[in-house]
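Hi,

Here is the structure I promised to pass on. My notes follow below it.

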Amino acid sequence: MTVMTYIGAIGAAQREAMQADPRVVIIGEDVEANVYGTTGAGKARAEKGDFLQEFGRNRIRNTPISEEAIVGAAIGAAMTGLRPIVDLSYSSFLYMAMDQFVNQAAKNRYMFGGQNSIPVVFRSAMFYGLSTGAHHSDRPYPMFMNVPGLKIVAPASPSDAKGLLRTAVDSNDPVLIFETCLLWGLKEEVDEEEYRIPFGVARVRREGSDVTIVAIAGAVPLALTAAEALAADGISAEVIDPRTLVPLDKDTIVESVRRTGRLVVVDPAHRSCGVAAEISAIVAEEAFGSLKAPIVRVTSPDMQIPFSPSLEAQIYPTAEKIKAAVKSVCASRASEASSNISRS
Amino acid sequence: MNNTQTERGPTIPRDMMLEMQRRMLRIRLFEERASKMVRRGQIPGTLHTSVGQEAQVVGACMALRPQDNIAGNHRSHGHPIGKGAKLGPLMAELVGKATGVCRGKGGSLHLADASIGSLGESGITGSSIPIAVGAAFSAQILGEDRVALSFFGDGAANQGVLYEAMNLASAWRLPVIFLCENNQYALSTPAHTVTGGRIWKRAAGFGMAGVLVEDGQDVIAVHDAVHEAVECARRGDGPTLIEVMTYRFREHAEGLRLAVDYRDAEEREHWLNRDPIKLFRETLIQKQIADAAALDGLEAEVAQEVEDAVKFTDESPYPEPGVAFEDLYTDTYELERAS
Ligand SMILES: Cc1ncc(C[n+]2csc(CCOP(=O)(O)OP(=O)(O)O)c2C)c(N)n1
Ligand SMILES: [Mg+2]
């Protein structure tokens, strides 16, 4: 085991995948110079561990700024023998290739009756919370969850980032990984050996009995901070990170809510039709009888992202907002008790 | 009156010439049969034929080898047929039968026969162009002796994705051929009213070869142009953009009846007289490659193939309902999600 940062773990997984299989290639804007820090050991070309030095331009290649062509070409290459990893840098740029994601990556295997598979990974980072303004702060995974045929991954820790990326490269279906830029420096003990984390298996980050907090991507550390503070107030919160949004580990979430009877879902993405809405609906359908209080969502509002730090900070979930939400659902313990009394 | 047919030396063997005629006939008779089935309500959905464009399709496909990839568009029954696909599973797909190439999930608009190197046709115009570029990229990286050919229309030639794809292919010297089937209309819109300059000339801006095939009704002319581009790609000398002038004889889609007659009667007449199959038949007779009786025999053989494909289709079952929930992912959790 060794301590790795979130971004370091992504780089480690990419190196492992490249070394393990010559069909794995990395393409993207500025990948050769390691601009985003996942294709080398450091920022200098000469430094040991540079991907271009190690693998050559047939395995790692800069692309023009042509998102539609890059994504389409990666799909075509995946259908014919390669296993590309496409670095799309900012998640906001995915929209440039929407047709390729939705009409080709997601549909080809299905509409051609399973004649081909499309083993391709699309990585991108969500740069929200860094004053990058409305064109660079998107958290667009919910819209892609609405496209059957894509697998959606949102790692929230270094060990998950490494293991999930290896599984993504092994997957014979298109995988979109949404990384959280705010977590790049987050550290954790990580196994330097190869390992994979299966898709569709949530990670219970903290066990608890009073309330279930399901947190997505960058919200996970916030939920853990909130849970810690809540413990001091005598509230035992369970924190679940689904890790992959498609497939989604419904069972772990539903089972937890059956035990705790309360659910708060925290998601940095917009509110409408989001992951939080989906998880709330699943729990309402499958564990309604166990709920002791209404489900509460803590999300970003349906609002664009302003530039000024003083404006932007209020938009996203915070540990404070999560704490308040948990307290509100736990407060209905009293009313529930009183209604039980009045019923008896 | 076949003086417009290319005068060519003996580089194309006799057998191959006959095979060209056979494949053009296959497309013609297959699609005429399919359009009849649309009228009778036996084929659901939308269907676009390549009738009139067979020379352009077959000339291009027969310049390719079996391992080469093709990607098509909405008008793509001809492309797999041109590359040698079996007719039965294609016809079964048009009807939506379990034995269709796509198990009844693609239909006419999303036909794909991977067995002949097809990467699939795209109901979204222009959308399959970068897919072909990707197949060329994998050939380059894996060192495989394979090229990819992308078919698209004059309409799609005005989509931005083509230019991203051409630039990428040129910058990386990928073994890909961009083949614009200029049938002079995008649905009802005359190409010249929405197209600045000539399509083939756009290649120059990307540092790649641009070729115009003025007579796309001449299967040999198309074949030769594509053959040269394929050789160039295989040598590692990069992509070519080819614009082939042709004409569709039927309506944009079967069953479509537009109140406005957007095509001039005289123009139609001119092109209907340039039927690629009739023209090539004359060439074959004139060059003494086959006589009229042999060519009639060939046509009868193909007609029988089409009837066999229809029989195969008729005798095939419709897919079980559960098939709708298969093939989304390679793993099995898809069913749980859908339910
Ligand atoms: C992106 C997109 N826009 C519009 C359409 C609707 N549409 C289908 S075919 C067509 C005309 C295409 O013309 P062209 O590319 O010249 O091909 P042709 O039909 O002439 O073979 C149109 C507008 C579509 N399928 N996809
Ligand atoms: Mg056209």
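Let me start in chain B, where B:L149 of strand β3(B) stands opposite B:I177 in strand β4(B). Before going on, please note that this is a predicted model, in which local features need pLDDT of at least 70 and side-chain atom pairs count only at pLDDT 80 or more, while totals for chains, interfaces and linings use all residues. Residues are numbered from 1 along each chain as written, chains are lettered from A and ligands numbered from 1 in the order written, and side-chain values use heavy atoms, without hydrogens and water.

β3(B) covers residues 148–153 and β4(B) residues 176–182 (strands are DSSP E runs of at least two residues, helices H or I runs of at least four, numbered from the N terminus). The two strands pair in parallel over 6 bridges (pairing takes at least two DSSP bridges). Together with helix α6 (residues 160–171), they make a right-handed β-α-β unit: with the strands pointing away from the viewer, the path from the first strand over the helix to the second runs clockwise. β3(B) also runs parallel to β1(B), joined by 3 bridges, and there B:L149 faces B:I70.

How many residues of β3(B) are buried? The count is 6 of 6 (buried is under 20% relative accessible area, with a 1.4 Å probe and protein chains only). B:A148, B:S150 and B:F152 point one way, and B:L149, B:F151 and B:G153 the other.

Now to ligand 1. An oxygen atom of the ligand is 3.0 Å from a side-chain N or O atom of B:D154, and a polar side-chain atom of B:H74 lies 2.7 Å from a ligand oxygen.

Best wishes

Conventions
Buried means under 20% relative accessible area, exposed over 50%, partly exposed in between (1.4 Å probe, protein chains only). A polar contact is a pair of N or O atoms within 3.5 Å; within protein, one must be able to donate a hydrogen and the other to accept it, and residues adjacent in sequence count only if both atoms are side-chain atoms.
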